[in-house]
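Welcome, and please open your viewer with the cartoon and side chains within easy reach. We will go from stop to stop, selecting a few residues each time.

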Amino acid sequence: MLAISLIPAYRESDALAHNFTLHDRRNDLMSYMDTSLPPGKYVADWSGPYHKVMNRSWGGYTGLHDYPLAQGLDYLKGKPIDEWRARDAVYAIVPYRTADFLRFPEETFALKHYPTDPNFRDPGMTILRLYPMQHKADGQLGSIHLVGYDLNANEIAAGKDIIFRQYWRADKPTDTVHRVGNYLLNDDREVVAQVDYVPLWDARRDTTTWDDPDEILIGREFTLSIPSDLPPATYQLSFGFYDTASRLLSPEGSDLMEIAEITVVSPEF
């Protein structure tokens, strides 16, 4: 009888032992945030398993960049989003497909999902950004889609700077590392200003690693300086992806995609 009564305990112990042999994607989360997201505070439900993931002492985080926990949020579902932001939080780590981010469809967006899966030890999670993109977009170069952008102004005086950021999604990785070229074009498609660099804020996350079609990639912030002698007119802010030998093309065969029209006005003196 004693042996029979111990069977449930043995089964539970065996299940726990098996669970610890599984890969824990919270380790993947550490690498993902360190290479993919600009540093910033995050919020997590104290009752969940995420509030120490990015802690160097408790979670074993070894990344180059810091993602501090925004304190004071005991229960995510019970807090308005403005309170999350008041703690200087930029991101949230929530259980996979909970209602936390669905409550704020216009004020947050999901960056990456780790779905619940019995082949992994972690319970599944979703990483959110707590601020929306300024503008949604729809365009494609190669396997890379433009899904949105931020822009400081559509009208700017000559001699000032355009500050912008793109958001991307990729159907699959590129075969080679691609940079992004950003151009201000006149009506004759001539380049009047240009800034090039790696597309994300950390060069370690290059385009050959963009392997999750559901992930939204936050581009780096670019500053494009407008020449002080540029004539007042309407120009096109555009971009393209290129490697040493080729450029990515749109379905129509173009190697550039327009982000927005920029009206340049005379400098203020």
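The tour below goes from strands to salt bridges and ends at a pocket.

**Before you click**

This is a predicted model, in which local features need pLDDT of at least 70 and side-chain atom pairs count only at pLDDT 80 or more, while totals for chains, interfaces and linings use all residues. Residues are numbered from 1 along each chain as its sequence is written, and side-chain values use heavy atoms, with hydrogens and water left out.

**Stop 1: the hairpin**

Select residues 135–141, strand β5, and then residues 144–151, strand β6. Strands here are DSSP runs (E, at least two residues), numbered from the N terminus. β5 and β6 pair in the antiparallel sense over five bridges; strands count as paired if DSSP finds at least two bridges between them. Leu141 has Ile144 in β6 as its bridge partner. Two residues lie between the strands of this hairpin, and Gly142 takes a positive phi near 60 degrees there.

Now click on Lys136 in β5. Is Lys136 buried or exposed? Lys136 is exposed, at 72% relative accessible area; the classes are buried under 20%, exposed over 50% and partly exposed in between, using a 1.4 Å probe and protein chains only. The C-alpha atoms of Lys136 and Tyr149 are separated by 6.5 Å, although the two residues are 13 apart along the chain. As for β6, eight of its eight residues are buried.

**Stop 2: across to β8**

Add residues 161–170, strand β8. β6 and β8 run antiparallel and are joined by seven bridges. To find one of the pairs, pick Gly148, whose bridge partner in β8 is Tyr167.

**Stop 3: salt bridges**

Show the charged side chains next. A salt bridge here is a side-chain nitrogen of Lys or Arg within 4 Å of a carboxyl oxygen of Asp or Glu, and the count comes to 14.

Start in β8 with Arg165, which forms a salt bridge with Glu221, the closest N and O atoms being 3.9 Å apart. This pair links distant parts of the chain, with Glu221 in strand β11 (residues 217–225), 56 residues from Arg165. Arg165 is buried at 17% relative accessible area, whereas Glu221 is exposed at 51%.

Move on to Glu215 and Arg205, whose side chains meet in a salt bridge of 2.9 Å, N to O. Both residues sit in the loop between β10 and β11, ten residues apart, and both are buried. Add Lys112 and Asp212 to the selection to see the network of salt bridges that links these four residues.

**Stop 4: a five-strand sheet**

Select β7 (155–157), β10 (191–197) and β13 (residues 257–265). These strands belong to an open sheet of mixed pairing, in the order β7-β13-β12-β9-β10. β7 and β10 stand at the edges with a single partner strand each, so one side of each has no neighbour in the sheet. β7 runs parallel to β13, joined by three bridges, and Ile156 has Val264 as its bridge partner in β13.

**Last stop: Lys52 and its neighbours**

Select Lys52, which lines the second largest pocket, along with residues including Asp24, Arg26, Tyr50, His51 and Trp58. A pocket is an open set of points on a 1 Å grid over the protein atoms alone, where a 1.4 Å probe fits, with protein on both sides within 12 Å along at least five of seven lines; lining residues have an atom within 4 Å of a point. About 170 Å³ of space lies in this pocket, a volume being the space filled by probe spheres set on the points, which are joined across faces, edges and corners.

Methods
Helices (H or I, at least four residues) and strands (E, at least two) are DSSP runs, numbered from the N terminus.
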